[in-house]
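Biologist: I am new to this structure. Please show me how to read its helices.

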Amino acid sequence: MRHRQERQQHPLHAREFEAFVAGAAGRLLHAATLLTAEPPDANPRARSLLTDALTQTYASWDRLRGEDPYDRARQELAARFARSAWRAHRGRGGVLGALGPQERLVVVLRLGEGVAEEQTAALLGLPVERVRAICHRSVAALTSPPRTRGDATATMTAAPS
């Protein structure tokens, strides 16, 4: 009897998950694209990362029990990126391409997704102060003009005023 109930509920769960994906996939793909630092129109790593995260979210769909599925998918996305990112140290461009993987992860979670410092720290296994420092340093790197070798040389050789 229980097996029959599970089979009858499966289509309902599948429809719920499909509705979730229809609403959340675009934003999650954007986050994955920022994480991988790929251009939005050529992002195979981001798409693969998203597919893996959604697959795991679907596998745990019945166990969510009131948990926000978007939070679960975002956590899965971040965890999968963190496990794979250290092999591919730099992105191939994109808005956050100048940042390292950990910096991209913190910036996307904190600023792109609005995850609190405490939650980000817990998700990444870092102290809150470290998350704050990484975010601050990353934003400074993104907002300051890039320095060239000539700039450093000119600064060092300039006569004092």
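Modeller: Start with a crossing. Helix α4 passes helix α5 in a right-handed crossing. A crossing is right-handed if the near helix is turned clockwise from the far one by less than a right angle, and left-handed if anticlockwise. The model is predicted: local features need pLDDT of at least 70, side-chain atom pairs count only at pLDDT 80 or more, and totals for chains, interfaces and linings use all residues. Residues are numbered from 1 along each chain as its sequence is written, and side-chain values use heavy atoms, without hydrogens and water.

Biologist: Which residues of α4 and α5 make the contact?

Modeller: Contact means heavy atoms within 4.5 Å. From α4 come L105, V106, L109 and R110. From α5 come E117, T120, L123 and L124.

Biologist: How many helices and strands are there in the protein?

Modeller: Helices are DSSP runs of H or I, at least four residues; strands are runs of E, at least two; both are numbered from the N terminus. The protein has 7 helices and 0 strands.

Biologist: What are the buried residues of α2?

Modeller: Buried means under 20% relative accessible area, with a 1.4 Å probe and protein chains only. In α2 the buried residues are A46, L49, L50, A53, L54 and T57.

Biologist: Why are they on the same side of α2?

Modeller: An α-helix has 3.6 residues a turn, so residues three or four places apart point the same way. The buried residues of α2 cover an arc of only 130 degrees around the axis, which puts them on the same side. That arc is taken from the directions from the helix axis to the C-beta atoms.

Biologist: And for the whole protein?

Modeller: Buried residues make up 35% of its 161 residues.

Note on methods: Buried < 20%, exposed > 50% of the residue type's maximum accessible area, 1.4 Å probe, protein only.
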